[in-house]
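Biologist: Let's go through this model together. Please keep the answers short.

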Amino acid sequence: TASAAPKNGSATPAPADVDDLIASILANAGSTPAARKGPDYVPGSKRCCWQPARSEDDPVDDIVSQALIRELGTKGRQASQPMPSAFAPTPVRDAEGMAPGDGVFATMDEAIAAAELAQRQYLFCSMAARKRFVEGIREVFLDETTLRRISEMAAEQTGMGNVAHKIIKNRLAAEKAPGVEDLTTDAETGDGGLTLVEYSPFGVIGAITPTTNPTETIICNSIGMLAAGNSAVFSPHPRATEVSLLAVKLINRKLAALGAPANLVVTVQKPSIDNTNAMMNHPKVRMLVATGGPGIVKAVMSTGKKAIGAGAGNPPVVVDETADIEKAAQDIVNGCSFDNNLPCIAEKEVIAVDQITDYLIACMQKCGAYLVTDPTVIAKLEALVINDKGGPQTSCVGKSAAYLLDKIGIRVGDEVKVILAELPKEHPFVQEELMMPILPVVRVPSVDDAIDLAVEVEHGNRHTAMMHSTNVRKLTKMAKLIQTTIFVKNGPSYAGIGVGGEGFATFTIAGPTGEGLTSAKSFARKRKCVMVEALNVR
Ligand code: NAD
């Protein structure tokens, strides 16, 4: 469960230690010399899975290999040069201690060129190899040492969230993001022959990742994008640079150990808005995936390219008079305080039916909610966390309830997980996506009013909503009216991404562009392959 939340910030490595950290993590992961040769390694040869076999008997194979040799010989690498390897000697570090290599490039142009070459090579890998590469990415991040280190680094560098919950989120991404099994094939046969409809890669995908889930998104997107046959260029949030670069390097080294083409997952040494813009406008990037706020979602949708926009949410939770109130209270406090309310799916406001509101508040107080009733304290809190533009103050995003209360002169222990206040619906705590464990409660006369208000404050994001009720008609009514990608009934919000609920995980929930829960097939195109008047065997 997501209860005990240790404090942030145990020792994390300085930037100069990133390469040493990777080396030690890989040593722990035990990559053997045999494994380094890769799954498709042929004894006595130096062939990787992506180097085309040259067969005397197979003219098609031969044509493909000749074409590839011509292609690779002229694009980026001379045929006589050795294949790129992530096991090349560690390059010299720059003044800030970061070393390029392992998928990290000095410029966006170089990163994209490398990813393009990698993707062309990847086209000729078998599905079995693809599957192993995806499993390899899972393995890297399921190593307990790695999980803890990247979770600590993310909390430390962004100054947001808590380590225990980031471990849960990173593990979830590695375990439950769908792989190649997601790419199902449709077949139709008849007198006209055989038609296959298959999921095929886009090519190079540009992925922009948020500061709130920096490594979770890289893990989840890498698994899905590579499973679908693409290469991925990441543009991380500048505030999460080091941990994002570490994630990319770990993936590259593992893929190299498995014999994959080099640079299937790349990024730049200094992520910035300029670099993100360069990536979005680069002609070789065929698809853009933005996981972040409304600005970046709008930016990718304005490029004229195929874009997936996974934007902001403001998830309401409705509680009616038929709910199990004690359980609802516990679920809401757990969901709202998960990673200090950073997840876009986390409960952001409670809408409760008058009849049970007092009891619900009392139950939440027993579960670690600190009730604020004094209007002057609420005003102080508002002055602290709301910025001049009426949005969340960045320095308060992802901070704990105890930290925020301390800033307004109220000392509480870590048992306090959520700050609770009964407020009118117009209050910015209700209307804005704060991403802090501040939970406004709005009291309404009936469940129908609660549903209407939930739809209103969700702002048409079509992101996430929760409802606690045993009235199936009202549950159905809310599901139909709110139209969110995720709708959790009688559970905490995180059940919607697979923590304690059934189903696969995703950290890119695309309401604005309509893909909804993204997985490997979201990063692929449907292509039709038609064999006329043959291969039907009925
Ligand atoms: P953000 O929008 O500030 O940044 C997201 C990414 O976009 C970062 O990499 C940032 O550098 C880049 N970016 C932002 N504006 C840009 C611009 N004008 N030009 C170029 N690049 C730009 O968001 P954040 O604070 O990192 O993350 C929190 C937001 O993301 C919240 O709104 C949250 O709901 C949303 N989010 C959504 C999902 C989802 O799946 N729908 C998942 C996680 C976070």
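Biologist: Which class is most of the shell around the ligand drawn from: nonpolar, polar or charged?
Modeller: This is a predicted model. The shell holds twelve nonpolar residues and one charged residue. The remaining 15 are polar. The class asked for is polar.

Biologist: How many residues surround the ligand, and which are the closest?
Modeller: The ligand has 28 residues around it. The closest are P210, G292, G293, A312 and C344.

Biologist: Which helices each supply at least two residues of that shell?
Modeller: The chain has 18 helices and 18 strands. Two helices reach the stated count of at least two shell residues. They are α10 (273–281) and α11 (294–301).

Biologist: How is the chain divided, and how many residues does each domain bring to the contact?
Modeller: Domain 1 spans 15–310 and domain 2 spans 316–502. On the domain 1 side, the contact has three nonpolar, four polar and three charged residues. Domain 1 gives ten residues and domain 2 gives eleven.

Biologist: Which helix gives the most to the largest nonpolar core?
Modeller: That core has 149 residues. I219, V233, I419 and L420 touch the most other members. The top helix contributes ten residues and covers 241–257. It is α9.

Biologist: Where does this core lie relative to domain 1 and domain 2?
Modeller: Domain 1 (15–310) gives residues to the core, and so does domain 2 (316–502). The core therefore lies between them.

Biologist: Which residues does I219 touch, leaving out those up to four places away in sequence?
Modeller: I219 is one of the core residues touching the most other members. Its contacts beyond that sequence limit are I137, F141, N170, A173, A174, A177 and A247.

Definitions and conventions. Residues numbered from 1 in each chain as written. Predicted model: local features only at pLDDT ≥ 70, side-chain atom pairs only at ≥ 80, totals over all residues. Domains from an automatic or database assignment. Contact = placed C-beta atoms within 7 Å. Nonpolar A, V, L, I, M, F, W, Y, C, P; charged D, E, K, R; others polar. Helix = DSSP H or I, 4+ residues; strand = E, 2+ residues; numbered from the N terminus. Near = placed C-beta within 6 Å. Core = buried A, V, L, I, M, F, W, Y, C linked by C-beta atoms within 7 Å. Buried ≥ 20, exposed ≤ 12 C-beta atoms within 10 Å, placed from the backbone.
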